[in-house]
Amino acid sequence: MQLYNSKHEKFFNRCLVALPAQAASEDSNKLAIIYFSLHGLKLLQRFNFSIEELKYHENCIWETYFINKGHGGSGHYQTFRSTPYFKAVGGKYDYGDLSACFFALYILIILGSDFKRLDWQKLFNYVIKCQIKNGANKGGFVQSVNDIGFGETDVRQCYMALVIRHLASQRTALVDDIDLPSAREFILSRLSVNGGFSFQPLDEPHLGYTFCAIASLKLLGYNVQDLDRSKNWLIHRQVSYPEILHQGGLKSYEYHRAEDIGGFNGRENKLSDTCYSWWCNGSLSIMDPTLNLNLINQNLAEQYLLEKTQNPIVGGFSSVPDATSDPMHTYLALAALSLWNRDKYNLAEIEPVLVMPNDVYESFCK
Ligand code: GRG
Ligand code: ZN
């Protein structure tokens, strides 16, 4: 069982330089791809750029993605766009979005920006604009806002809004704020009786939403270690099958796949996927960093990633065995391996709430 550190380093560097033509539709996810690749190189402890390169790339991010709207007053806000396409279209179509803010900040932080071009309160004014003030989704956030809000409203946007708030408050004392009690109510209303969190109340819980909810509650100062049902639900995301399945007793069961063992699924009776190794163990670690990871079978968990979804030839990890590697699954696999055994794999420490290497966060806070 081996981690191919140098192959993954080359994989991330390739993703930063050029992607295959089939990835053209990922244009609006470019900031996310850059985040996973740069922070992935840092986790590998192979983040080796010259001062000139860092400055050059930082400048590209500001020039291409930053939006500064208005001329003073409370209506003045700053944000980031997800694709340069909107800059070209301009006007009323170019109004930024929460995930672009989230990913752009992570990139600028790791590039060592001094953030002199940003007014943190004005950036936060955009987050305030995104919060829903009334109705069934009160306290939640829209993904994007112009005169009206756009996009899905679930705990993912709460998570990104609260991370931006946390980062902004490291640099400035925020004068205007979001409505914190209703954000908390919004998240808790998605807590299912089995301990998982869902897209909307009474929906099927999903691990991706559960990570966002637990990390958000932690950022809100909630005692997440007391969420016992969530802990139980999380532990049961690790895939294992009773002996009878291997003996052929229930061979026709559609969701039995022997290669999934040790991996994690996103919800009951579904298949393993690399990213869930992170969403599950990251959540457990946020709830209790010292105890909870002992509750899963770590050896099988490492084996699933290293032997089933790691690509030893071109580098990277894929979502499922025999698929194409991608930067998100590669980053989240390394993040999970760092939680379990960072010394063995020569990885940097990961900060689980922010999904950012600890030393990157610490240098931002200095
Ligand atoms: C990237 C660190 C970081 C944070 C940003 C966007 C976001 C915050 C987190 C994503 C959370 C997530 C994975 C949500 C899951 C959404 C969902 C319901 C996926 C279901 O996908 P299916 O049905 O997969 O294809 P399963 O495995 O359930 O069959
Ligand atoms: Zn996945």
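**View 1. Ala 104, a buried spot in helix 5.** At 0% relative accessibility, Ala 104 counts as buried (buried is under 20% relative accessible area, exposed over 50%, partly exposed in between, with a 1.4 Å probe and protein chains only). This is a predicted model, so to speak of local features a pLDDT of at least 70 is needed, side-chain atom pairs count only at pLDDT 80 or more, and totals for chains, interfaces and linings use all residues. Residues are numbered from 1 along each chain as its sequence is written, chains are lettered from A and ligands numbered from 1 in the order written, and side-chain values use heavy atoms, with hydrogens and water left out. Ala 104 sits in helix 5 (helices are DSSP runs of H or I with at least four residues, strands are runs of E with at least two, both numbered from the N terminus). Leaving out residues up to four places away in sequence, Ala 104 touches Leu 31 and Phe 80 (contact means heavy atoms within 4.5 Å). Asn 341 is 237 residues from Ala 104 along the chain, and their C-alpha atoms are separated by 29 Å.

**View 2. Tyr 35 and Tyr 106, a ring pair.** The ring centres of Tyr 35 and Tyr 106 are 5.0 Å apart with planes at 80°, so the pair is edge-to-face (rings of Phe, Tyr and Trp, the last by its six-membered ring, pair if their centres lie within 6.5 Å; planes under 30 degrees apart are stacked, over 60 edge-to-face, the rest tilted). The pair links distant parts of the chain, with Tyr 35 in helix 2 (residues 30-43) and Tyr 106 in helix 5 (residues 98-110), 71 residues apart. Both rings belong to buried residues: Tyr 35 has a relative accessible area of 3%, and Tyr 106 has 0%. Zoom out a little and ring pairs link a cluster that includes Phe 36, Phe 102, Phe 103, Tyr 159, Phe 211, Trp 278, Trp 279 and Tyr 331. Over the whole structure, a search finds 26 aromatic pairs.

**View 3. Helix 6 and its cover.** Of the 11 residues of helix 6, 9 are buried, so this helix is largely enclosed by the rest of the structure. Among the buried ones are Trp 120, Phe 124, Tyr 126 and Cys 130. What covers the buried residues of helix 6? The cover includes strand 2 (77-80), helix 5, strand 3 (144-145), helix 7 (155-171) and helix 15 (358-365).

**View 4. Asp 119, in the loop before helix 6.** Asp 119 lies in the loop between helix 5 and helix 6 (120-130). Is Asp 119 buried or partly exposed? At 29% relative accessibility, Asp 119 counts as partly exposed. Ala 88 is 31 residues from Asp 119 in sequence, and 24 Å from it in space, C-alpha to C-alpha.

**View 5. Ser 277 and its contacts.** Ser 277 is found in helix 12 (residues 274-287). With a relative accessible area of 0%, Ser 277 is buried. Which residues is Ser 277 in contact with, leaving aside neighbours within four places in sequence? They are Phe 264, Tyr 304, Leu 305, Ala 336 and Trp 340.

**View 6. Stepping back to the protein.** The secondary structure comes to 15 helices and 6 strands. Buried residues make up 53% of the 366 residues. The C-alpha atoms fill a box of roughly 70 × 50 × 40 Å, taken along the principal axes.
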